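Colleague: Could you walk me through reading charged pairs and cysteines in a model like this one?

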Amino acid sequence: MNYFLRQLQEIRQGGILAVVDKLISLKLRSTSCLILLVNAIWAIPAVWCMRKLRPWFLIRVGTLRSERIGHFAADGGLQWIELAGQPTNQVDIYWLPKQTSNHQWDKMIRRNFKVAWPVYSLDRWNAIIPGGEVHQRPSTSTDSRDIRGLLYRTENILEFLPEEESIAKNWLQAHGWKEGQPFVCLLVRDFAYLNSESTLKQKWDYHNYRDTNIATYIPAMEWLADQGIWVLRMGKVMNKPMMTNHSRIIDYAFCNDKSDFLDIWLFANCTLCISTGSGPDAVSQIYRRPILMLNLLPICGLWSWCETTTVPKHLIWEDSGKELSLMEHLENSYSSREDYYRNKIKAVDLNEEEIMEAVRETWAHLHGQWKPKSGDEKRQTEFLRQLKVFYDSSKYQGFIHPKARLADSFLRNNTQFIKS
């Protein structure tokens, strides 16, 4: 009864568009059920055979989350590492949804994994018939987090084809880049992409607390470009272009010839990825590229299993005007702007100077030129201690990369952030 009442309420709110949306959804579900029933003729006997073989040969079936590139890239990269170390008497076979967040990554998964569409029915019937848990290949149980440090302990990657390498380098060279020159991928989250993906079923504005203004990054990006470093502002759909005329800054997000292929190759091969934590940056993670996370929220989501420097947004108690400490950040890690409002916490973006300091510091670290000051090492040690205490209590993480850190510049300027 509650289900039907909810449907009526949604129709009242959405009108005729809601009715159309529900009819389409019902048709898709009906079609899916019909296909599943037809395929039961062969899928049920196949499940029976698969289980009978288990004492000698284990077959597991499953899929990958492909609706968001962050999960698709991270899960695919991590499972590729796992597949390389699986026993010889075990095989994992996959199906992939027809709709995908990135066609290039879909192509790379299909040419490296064992993927076939009939596996969908095999997977579904194995889940329906009791006793099939051991044959299920889970996509991920850790929100695409590398809790075992697989990326740090191995070098396995999904390789690009030689012709793909040539296409990408030719594209860069057409924009003035020369072989061997460093380039940085910059990804600054705004509302445009998820708004373009919004449907009657899901609105994404609750995520807007993670958005930042691209204009505040321009001075730091121009500084990088002045050092001879190419900067590519990434993004599939972005709100507004970068207002800069620097010859070594490419606003790729507004290039007519951008592509799913270049999205993957650029993030996989950049010298440094600078991001606010958005999704495509997961490709840089999988290919072990150094990452600078700026304006990250919530801080519990920092990529501590990677070579990552992190600078969070400022969180301020509205009643007292005081900034939250690290532990208060971790304890108030919300995924909705309403939760911050409800708890009277204001999120404040980093300013141009703070971004510049973090970029300079990270670039110096990459080249072994960073000179720590008194107290830096002590603050980093305390940061890692408190982070581990939180992880141990929340079971949110299990591995911390030796080069995971908060920016020294941020800790120096915010002395109350780390309270021992």
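**Charged pairs and cysteines**

Modeller: Let's start with one pair: Arg342 forms a salt bridge with Asp339, with 2.4 Å between the closest N and O atoms. Keep in mind that this is a predicted model.

Colleague: What's the general idea behind such pairs?

Modeller: Side chains of opposite charge can pair when their charged atoms come close. Here, both Arg342 and Asp339 sit in helix 13 (residues 337-342), 3 residues apart, about one turn of the helix. Arg342 is exposed at 57% relative accessible area, while Asp339 is partly exposed at 21%.

Colleague: How many salt bridges does the structure hold?

Modeller: There are 20. Take Arg137 and Glu82, whose closest N and O atoms are 2.5 Å apart. Arg137 belongs to strand 3 (residues 136-137) and Glu82 to helix 3 (residues 69-84), so the pair ties together parts 55 residues apart in sequence.

Colleague: Is Arg137 buried or exposed?

Modeller: Buried, with a relative accessible area of 7%; Glu82 is partly exposed, at 25%. A network of salt bridges links these two with Arg60, Asp92 and Arg148.

Colleague: Now the cysteines. How many disulfides are there?

Modeller: The structure holds 0. To call one, you'd want two cysteine sulfur atoms within 2.5 Å. For Cys185, the closest cysteine sulfur is in Cys270, 4.3 Å away, which is too far for a bond.

Colleague: And where does Cys185 fall, buried or exposed?

Modeller: Cys185 counts as buried, at 0% relative accessibility. Cys300 is buried too, with a relative accessible area of 11%.

How values were computed: Residues numbered from 1 in each chain as written. Predicted model: local features only at pLDDT ≥ 70, side-chain atom pairs only at ≥ 80, totals over all residues. Heavy atoms only, no water. Buried < 20%, exposed > 50% of the residue type's maximum accessible area, 1.4 Å probe, protein only. Salt bridge = Lys/Arg side-chain N within 4 Å of Asp/Glu carboxyl O. Helix = DSSP H or I, 4+ residues; strand = E, 2+ residues; numbered from the N terminus.
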